[in-house]
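Trainee: Could you walk me through this structure before I head back to the bench?
Mentor: Happy to; let's look at it together.

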Amino acid sequence: MKKSLKWVALALAFSLPLSVQAHRMWMLPSATVLSGADPWVTVDAAVSNDLFYFEHFPLQLHNLTVTAPDGTPAKAENQSTGRYRSTFDVHLTQPGTYRLAVVNSGLFASYKEDGKPKRWRGSPEKFAQEVPADAQDLRVTQTQGRVETFVTVGKPTDTALRPTGQGLELAPVTHPNDLFAKETATFQLLLDGKPAAGIEVSIVPGGIRYRDQLNEIKTKTDAEGKFSVTWPAPGMYWMEAEVRDDKASFSAAKERRATYVATFEVLPE
């Protein structure tokens, strides 16, 4: 029962816009810029109301990928999932920038069975097996979600940052590990490899638990999918963007929801 409730909660977190839902998915590395011999990084991953505080659910690591600076897969070691958070370590054996990402895709369905509302989340392969063929008021949404962060050893590099062409992705103009307070950074959002124009972007500094105001920064991508942000202060920041369209690849789905979430560290000026 607890496992079922957990998946329902996560499904709702995927299906509701940021303005409605308070649960935020994120990964938080112990450091984003490192140097020296034999560096490691430990990453916390969670779904929570406050940033970056553990009080809701762990972020599942089933679809975790780590991309090394040369573009090859790297290993996420010592993976563990507890009551409120997941953790893993990465041995940073190459100089340059690593991309750490949890990429999820699937279906979310709402319907009625015998007059009672039902919700379901799963893979296209399980849809026909687990959702009744005669379900009433069936509404199916295809979901694509990417939650990521970046870690650099020594000089920043770009190879690991290359987009995959699937879903909503970040194509940095300013390197994500080269951010400083009071300076302006520029990024580009891509949807299926093409510029995502007119997309609202929300940026929130960490430490929500310890202040009265959210201090949210809102902006929107231009015709080239680009947007800029001037960082008000050093610290860890959470960024979220969302697209809803009718480009679902699954025939039963009439809508697609693609989301992008990233954690950045902004250093003192």
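Mentor: One term to start with: a residue counts as buried when its relative accessible area is under 20%. Keep in mind, too, that this is a predicted model.

Trainee: Thanks! Is threonine 97 buried or exposed?
Mentor: Threonine 97 sits in strand 9, which covers residues 96–113. Its relative accessible area is 0%. The cut-off is under 20%, so threonine 97 is buried.

Trainee: Which side chain does the side chain of threonine 97 join in a polar contact?
Mentor: Start with the residues in contact with threonine 97, leaving aside neighbours within four places in sequence: they include Thr67, Pro156, His175 and Asn177. One of these also has a side-chain polar contact with threonine 97, at 3.0 Å. That partner is histidine 175.

Trainee: Which residue is the bridge partner of tyrosine 111 in strand 10?
Mentor: Strand 9 and strand 10 run antiparallel and are joined by seven bridges. They form a hairpin with two residues between them, and aspartate 114 in the turn has a positive phi of about 55°. Across this pairing, the partner of tyrosine 111 is lysine 118.

Trainee: And which strand gives the largest share of the largest nonpolar core?
Mentor: That core has 32 residues, and Met27, Leu59 and Tyr98 are among those touching the most other members. Several strands each supply at least two of its residues, including strand 1, strand 9 and strand 11. The largest share is five residues, and it comes from strand 3.

Notes
Residues numbered from 1 in each chain as written. Predicted model: local features only at pLDDT ≥ 70, side-chain atom pairs only at ≥ 80, totals over all residues. Heavy atoms only, no water. Helix = DSSP H or I, 4+ residues; strand = E, 2+ residues; numbered from the N terminus. Buried < 20%, exposed > 50% of the residue type's maximum accessible area, 1.4 Å probe, protein only. Polar contact = N/O pair within 3.5 Å; in protein donor to acceptor, adjacent residues only side chain to side chain. Contact = heavy atoms within 4.5 Å. Pairing = 2+ DSSP bridges. Core = buried A, V, L, I, M, F, W, Y, C linked by side-chain atoms within 4.5 Å.
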